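Biologist: Could you take me through the open and enclosed spaces in this one? I'd like to begin with the pocket.

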Amino acid sequence: MKKKIITRIISGIPIGITIGYLVTIILSLIFGNGSYSPCVPELVILTGNQINAVVLQTALCALLGMTFGGASVIWEAENLSIAKQTGLYFLITYAVMIPTAYLLNWMERTAIGFFIYSGIFVFIYIAVWISQFLRIKKEVKKINLKLNKQ
């Protein structure tokens with residue numbers, strides 16, 4: 001189990017960085033008026049210059065990838081109910097995502113900003129969970145049909 005966690009943590013680094021950069025590209029396409037913005041302007045101000053901001057954002061995107069990757073072994077813990085798996089995975093990823101979003105100025109640094117960002121995180125989490133649940137349910141149904149034919 002430890003080896004699997006370490007492997008997923010390590011493989012999560014490039015995945016987290018890639019997702020982070022894809023988000024900046026998409027947001028630049030939407031809001032950039034033809035310019036690429038590698039991070040929010042507030043982060044540049046906070047860190048003193050754009051390269052410091054990009055380095056910090058890259059490191060924290062790697063951390064997010066490590067967290068989501070390492071925590072993914074929770075879904076394979078057969079001794080935990082689906083409710084416990086869901087709750088534990090949510091708590092771990094949320095506990096890293098919210099401070100990261102705060103540090104990188106991805107959320108407004110107010111109580112309202114915190115609740116809005118948390119709401120978005122919960123919404124995305126639920127949407128992904130439901131889509132995965134339905135996909136797995138469909139796979140189980142196919143397997144059961146094959147078993148019943150034998």
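Modeller: The largest pocket holds about 1,400 Å³ of space, a pocket being an open set of points on a 1 Å grid over the protein atoms alone, with protein on both sides within 12 Å along at least five of seven lines. A volume here is the space filled by probe spheres set on the points, which are joined across faces, edges and corners. This is a predicted model, where local features need pLDDT of at least 70 and side-chain atom pairs 80 or more, while totals for chains, interfaces and linings use all residues. Residues are numbered from 1 along each chain as its sequence is written, and side-chain values use heavy atoms, without hydrogens and water.

Biologist: Which lining residues are closest to the centre of the largest pocket?

Modeller: Of the 42 residues that line it, meaning those with an atom within 4 Å of a point, the closest to the centre are Ile19, Phe68, Met97, Phe121 and Ile124.

Biologist: And which elements give two or more residues to that lining?

Modeller: Those are α1, α3, α4 (82-103) and α5 (111-149), helices being DSSP runs of H or I with at least four residues, numbered from the N terminus.

Biologist: New topic: how many cavities of 30 Å³ or more are there?

Modeller: There is one, with about 40 Å³ of space; a cavity is a set of points where a 1.4 Å probe fits but cannot get out.

Biologist: What lines the largest cavity?

Modeller: Its lining consists of Gly20, Tyr21, Thr24, Val54, Gln57, Thr58 and Cys61, and α3 gives the most, with four residues.
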